[in-house]
Amino acid sequence: MNEEQVWELMVKMHHHTISMPEAEKLNDWIQQHAANRQLAESMSKILRNTDVVPETQKYNTEKAWIQVEKRITPDLKTKYLTPQVFRWAAAAILTIGFIGIAHWQMNSAPRAIELTSVSTQARELRKIVLPDGTQVWMNAHSSISYPTDFDADSLRVVRFTGEAFFEVTHNPKKPFVVKSEDYHTRVLGTSFNVRLTENEASVMVLSGKVRFSYNEDGMPKSSVDIEKGYQAVANKNHQLVKSGLVNMNTLAWRTGILEFKNETIAHVIKDLSQHYHVSIQSQIDEPQEYLFTGTIEQVSVETALETICYSLHLRWKKTPHGYLISNR
Amino acid sequence: MEKKEFSAFFQRHYAYVCASVNLLVRDPAVSEDLVQEAFVKFWETKPVLLRDGAAPRYVKRMAINNALMYLRSKKTKEKQLIDFSAGQSASRNPTEEEIFHRESQQRLTTALQQLPQGCREVFMLSRYEQMTYHEIAEQLNISTKTVENQIHKALKILRESLLAMALFYIF
């Protein structure tokens with residue numbers, strides 16, 4: 001970076017309009033050499049010592065407003081003669097002004113944005129609708145926060161931890177991003193399930209396409225694109241693994257539907273206990289012989305057990321810890 | 001925007017925009033004219049693309065543009081020095097550090113005012129209006145390289161001024 005580039009960044013920093021990547025770039029440069037640090041310090045001194053307190057007191061606003069009001073009110077008796085210099089300048093100003101807007105939108109200081117936060121407790125399921133119509137079904141122990149309107153930004157960003165199913169309103173001009181501390185899920189319009197807890201980070205896509213990324217300090221370090229039917233999981237080392245086998249039953253908390261096609265009883269028990277949050281033990285000789293096909297929809301755990309056991313000629317009973325399935 | 005809203009908008013930002021423009025123009029009466037012109041144009045065109053909070057900066061930019069046009073067409077020479085307020089209350093006894101600070105401010109702002117006109121304009125647009133070199137080049141109808149050179153020149157002069165101060169205070 002040359003001196004002039006550094007100066008531009010220092011000015012931005014002074015006015016608090018510097019972006020994260022720019023701030024990082026500046027910091028990196030400063031760390032590189034003692035000479036760089038000295039240069040930055042001298043620039044900082046220059047900035048500090050040229051801070052002026054705007055002398056607003058010498059301007060009479062009320063008087064000025066009277067003048068301006070005369071000009072903007074349509075029923076003027078005398079036409080205001082615009083000085084020559086401004087007539088041709090007007091078009092130029094407008095052009096420059098409009099070109100400048102996009103630039104300011106990137107540079108303007110962050111303004112306070114109103115956020116809405118919703119959290120669910122244990123065993124609580126909740127559905128909410130975001131300002132753009134996106135529907136979010138939140139599982140227990142989940143928390144989301146989002147701005148009161150998405151218009152302010154070029155992205156629709158929500159912060160989230162826990163587990164939720166999103167059905168995102170399609171808007172190709174404004175990607176939807178679900179952010180937890182380290183993981184971002186970016187979509188255009190789609191439905192997907194995301195699990196972002198301390199121990200787990202995963203996304204499963206029901207329809208559409210999402211980009212799931214692992215981020216450090218806000219910068220994506222690795223990412224994977226997932227489509228319908230696929231799932232991405234992050235392991236302990238933040239490595240992203242994409243898998244094709246998606247067990248739709250993990251969405252049963254949201255859909256209320258458990259579907260099985262020739263699944264082993266062990267698999268069925270696992271899904272059941274996860275969905276109903278109960279412990280289901282099994283005492284079955286040769287469990288691999290028992291394959292279940294069927295749909296369990298919006299019923300109690302006991303009705304589910306009854307259905308399954310009835311079709312497989314198994315027995316179930318309630319225990320102090322939960323349930324037990326056996327073949328005797 | 002309704003007239004009532006516009007009136008409130010005007011009342012809120014007018015003096016500040018005048019003060020900013022005056023840094024460049026250094027003639028309060030002219031500054032007021034230029035700023036009023038900007039507000040009137042803003043009312044007439046009522047730009048709709050603006051985000052919340054962008055309107056004041058937009059008007060300020062329009063006023064600054066007016067100021068630059070004015071300076072170009074008038075080709076004004078250096079006038080009397082601006083009275084930069086140090087922003088400290090004079091009532092209590094200033095500490096040595098504050099004296100030093102005020103002196104630094106004074107010296108630097110003096111150095112700033114004494115920069116050659118073109119160099120000063122470029123530097124001020126960068127420092128106070130946070131314009132990029134590209135924007136400044138477009139505004140003043142010069143190349144970005146020229147802008148960068150002027151910044152380089154300004155920084156050099158201002159740094160020397162800082163150095164002179166430091167030496168002075170070390171004895």
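Colleague: Which hand does the crossing of H4(A) and H1(B) have?

Modeller: The crossing of H4(A) and H1(B) is right-handed (the near helix is turned clockwise from the far one by less than a right angle; helices are DSSP runs of H or I, at least four residues, numbered from the N terminus). This is a predicted model, where local features need pLDDT of at least 70 and side-chain atom pairs pLDDT 80 or more, while totals for chains, interfaces and linings use all residues. Residues are numbered from 1 along each chain as written, and chains are lettered from A and ligands numbered from 1 in written order.

Colleague: At what angle do H4(A) and H1(B) pack?

Modeller: A helix pair is described by the angle and the distance between the axes. H4(A), residues 61-72, packs against H1(B) at about 130°, with the axes 10 Å apart (lines fitted to C-alpha atoms over the stretch in contact; angles run from 0 to 180 degrees between N-to-C directions). The two are therefore oblique (not under 35, over 145, or 65 to 115 degrees).

Colleague: Which residues of H4(A) and H1(B) meet?

Modeller: Thr61(A), Ala64(A), Trp65(A) and Val68(A) meet Ser7(B), Phe10(B), Gln11(B), Tyr14(B) and Ala15(B) (C-beta atoms, placed from the backbone, within 7 Å).

Colleague: How far apart are the end C-alpha atoms of H1(B)?

Modeller: In H1(B), residues 3-25, they are only 29 Å apart, short of the 33 Å of a straight helix (1.5 Å times one less than its number of residues). H1(B) has a kink of about 45° centred on His13(B) (the angle between axes fitted to the seven residues ending there and the seven starting there). Just after H1(B), Arg26(B) has a positive phi of about 55°.

Conventions: Two residues are in contact if their C-beta atoms, placed from the backbone, lie within 7 Å.
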